[in-house]
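Here is a short set of questions and answers for someone new to this structure. Please look over the sequence and the model before reading on.

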Amino acid sequence: MRFRFSADEIPETAASVSALGITWVFVYILGLGSFPLLSWDEGIYAYIAEHGVRHGQWIVPTGLWHGRVGPFLQKPPLGFWIQEATIIGFDHSIVAVRLPSAIGVLGIAIATYGFVRTEWDEVTGILAGFCFLITPHVFAGQNAGRSAAIDIPFVFFGTLFVYLSWRALHGQERLLLPASVAISLAILTKGFAAGIYAVILLPVVLLHWRQLSNRTTVYGLLISFICIVPWPVYMYVKFGQEFLQQIFFSQVLGRVSDAGYTAQNGIFEFMNYPYFKLLPIALDPFIYILPQAVLLGLYRRYQQGQHSLKFYFLVWWATSVPLFFALTGNHDHYLLPMYPATAVLSACLLKRALGGDYLAYGSLILGVIGISLFSYRVPGFIISMVDIGFEVRELETIVLGGTVPSGIGYLAAIAGSIVGVLLIAHIDVTRSMISKYGIQKQRLLGVVFLLLILPGLAAPTPVVSPGAGPDAQWDSQQKLHALALNDRADRDHEVTLQQNLTQTEPLYPFAFYAEPDITVATPAEIQSQYALIITSDRSELTRPYQIQLQTTNRNHANLTLVRFTDQP
């Protein structure tokens with residue numbers, strides 16, 4: 001994307017980017033390494049990255065998978081390469097493997113700010129970036145901004161692709177080349193999942209397809225071919241049909257056909273996941289103003305005779321993602337690509353209210369009423385009485401592993417926002433006072449106001465397995481066992497995981513934390529000095545041992561870390 005700034009605009013832009021940066025540090029960086037790795041999916045990805053750095057395994061992602069340490073063929077390598085780079089730069093730590101997601105969130109926020117600033121204005125841009133950063137699913141969700149998963153880097157590349165393609169199809173043809181790079185990186189991060197960005201961009205391409213009939217498009221396709229094709233060709237040559245089975249038939253067709261995980265309780269029988277029931281959790285408070293934002297935006301454009309397609313495109317973007325995955329998806333993090341669009345739509349409504357649009361201000365009041373009646377963050381008066389197939393708290397833990405500000409603090413931030421808009425845009429006295437300040441001071445006041453209400457809307461949170469119950473305890477227990485091992489064994493040692501244990505339980509966090517190398521064997525075949533086994537299977541051990549640590553878990557295996565005494 002190409003942005004032009006005059007000398008007068010640079011301080012204004014610096015203030016906006018600084019506000020986004022402060023928000024990001026507060027919500028996404030504070031405490032980033034203070035909570036254990038989740039077994040699914042960040043434990044899997046973190047160990048693949050750690051194993052790659054330790055063993056120089058760069059081309060073939062390799063980790064603990066299906067009861068063995070071996071090739072992980074379900075995802076392309078770029079997400080792991082990024083994590084490997086941060087491990088090299090920041091050492092072997094939880095922060096290092098989570099940092100790519102956190103940085104990706106900041107990248108999306110700044111890219112959204114820049115795009116909206118160019119297409120709309122400065123105020124809408126900063127509001128859009130801020131709204132994205134405080135979206136609950138983004139800062140408190142599993143596989144999201146405080147996770148060692150690869151989904152946020154994927155969304156970052158995909159979002160860049162959409163913004164660059166939009167600009168390229170509206171007069172900046174040369175941006176097709178960086179757009180090609182962006183979608184190539186998205187594909188190299190999550191493979192066929194990048195198809196959602198083809199769905200998002202489809203109406204724009206259909207309307208402007210003639211803009212693609214040029215040499216730059218050919219160069220862009222060539223760039224994508226060069227970036228994308230070598231790795232899967234190498235993998236197919238090395239692994240043959242097994243590679244196709246894992247990366248396409250299992251990851252794509254298997255999930256579409258409900259061969260994998262399903263949460264049930266979808267609104268319709270064909271749905272493998274209750275996406276529409278999750279949206280009030282994932283998008284609170286924006287879910288309560290988005291309908292008004294869309295309707296008012298469409299009405300104002302009709303009233304003013306505007307024919308710009310960008311607002312209609314945002315509506316398509318925000319709705320096509322959940323509709324597409326309602327048919328094909330089975331995980332909550334598939335919704336992540338929609339949040340830049342919902343942030344911009346919300347920002348457009350807020351900007352209209354700040355500009356004195358009484359219908360926009362009324363829309364915000366209607367949103368506050370909706371929050372008061374339905375929001376799980378209040379808690380709402382009505383939603384707890386509605387049978388939606390889940391308890392509200394259970395529904396929350398499906399999509400959010402973290403906690404979000406709620407109660408009085410949340411209501412105070414919402415009320416403060418409404419009062420602030422009223423004072424700025426609709427009260428003559430304060431409006432007259434503010435107008436006496438220069439534009440830069442007005443922007444600074446706006447930034448200060450956003451930061452003041454921030455703690456009531458979003459805050460740093462541990463992201464744990466749903467419910468903070470036995471599954472979260474299991475994640476913590478793996479860390480305990482690994483730390484106990486690290487206190488006793490050098491990095492040059494090996495630790496063996498019982499084969500049956502690795503086949504039935506997710507031990508990925510343990511594999512990441514453990515400094516000794518990981519091997520897998522049956523109890524009778526263990527050759528290393530240390531082993532992690534199922535407590536009830538200790539009788540199968542054929543060598544003398546000492547117990548180093550035992551843990552129990554009602555939903556998972558009881559674990560015992562042992563040291564064999566027949567080795568010095």
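The questions below go from the whole chain to single elements and residues.

Q: How many helices and strands are there in the chain?
A: The model is a predicted one. Buried residues make up 56% of the 568 residues in the chain. Its secondary structure comes to 24 helices and seven strands.

Q: Among contacts between residues at least 6 apart in sequence, what percentage join residues at least 24 apart?
A: A contact here is a pair of residues with heavy atoms within 4.5 Å. Taking contacts between residues at least 6 apart in sequence, the share that joins residues at least 24 apart is 76%.

Q: In what order do the strands of the five-stranded open sheet lie?
A: The pairing in this sheet is mixed. Strand 4 (517-521) and strand 6 (545-551) are the edge strands, each pairing on one side only. On average, neighbouring strands are turned by 25° against each other, direction ignored. From one edge to the other, the order is 4-3-5-7-6.

Q: Do strand 5 and strand 7 pair in the parallel or the antiparallel sense?
A: Strand 5 covers residues 530-534 and strand 7 covers residues 559-564, with five bridges between them. One bridge joins A531 to V562 in strand 7, and L532 has L561 as its partner there. The sense of this pairing is antiparallel.

Q: Which residue stands opposite L532 on the side of strand 3?
A: Strand 3 (residues 494-498) pairs with strand 5 in the parallel sense, over three bridges. The residue opposite L532 of strand 5 is L497.

Q: Why is strand 5 described as largely enclosed by the rest of the structure?
A: A residue is buried when its relative accessible area is under 20%. Strand 5 is largely enclosed because the number of its residues that are buried is five of the five.

Q: Are helix 7 and helix 8 roughly parallel or roughly antiparallel?
A: The axes of helix 7 (residues 151-168) and helix 8 (residues 176-190) come within 8 Å and cross at roughly 155°. Angles over 145 degrees count as roughly antiparallel. The two helices are therefore roughly antiparallel.

Q: What is the handedness of the crossing of helix 7 and helix 8, left-handed or right-handed?
A: The contact involves residues of helix 7 including F154, F157 and F161, and residues of helix 8 including A179, I183 and A186. The residues of this contact divide into 13 nonpolar, three polar and two charged. Helix 7 passes helix 8 in a crossing that is left-handed.

Q: Which residues of helix 14 meet helix 17?
A: The axes of helix 14 (residues 290-304) and helix 17 (residues 358-374) come within 10 Å and cross at roughly 165°, so the helices are roughly antiparallel. Helix 14 passes helix 17 in a right-handed crossing, and the contact divides into five nonpolar, three polar and one charged residue. On the helix 17 side are L359, A360, S363, L366 and G367. On the helix 14 side are Q292, L296, Y299 and R300.

Q: Leaving aside neighbours within four places in sequence, which residues is L309 in contact with?
A: L309 lies in the loop between helix 14 and helix 15 (310-328). With a relative accessible area of 35%, L309 is partly exposed. Its C-alpha atom is separated by 9.9 Å from that of L207, 102 residues apart along the chain. Apart from the neighbours within four places, the contacts of L309 are W166, L207 and H208.

How values were computed. Residues numbered from 1 in each chain as written. Predicted model: local features only at pLDDT ≥ 70, side-chain atom pairs only at ≥ 80, totals over all residues. Heavy atoms only, no water. Axes fitted to C-alpha atoms, helices over the stretch in contact; angles between N-to-C directions. Helix = DSSP H or I, 4+ residues; strand = E, 2+ residues; numbered from the N terminus. Parallel < 35°, antiparallel > 145°, perpendicular 65-115°, else oblique. Left-handed = near helix turned anticlockwise from the far one by under 90°. Nonpolar A, V, L, I, M, F, W, Y, C, P; charged D, E, K, R; others polar. Pairing = 2+ DSSP bridges. Buried < 20%, exposed > 50% of the residue type's maximum accessible area, 1.4 Å probe, protein only.
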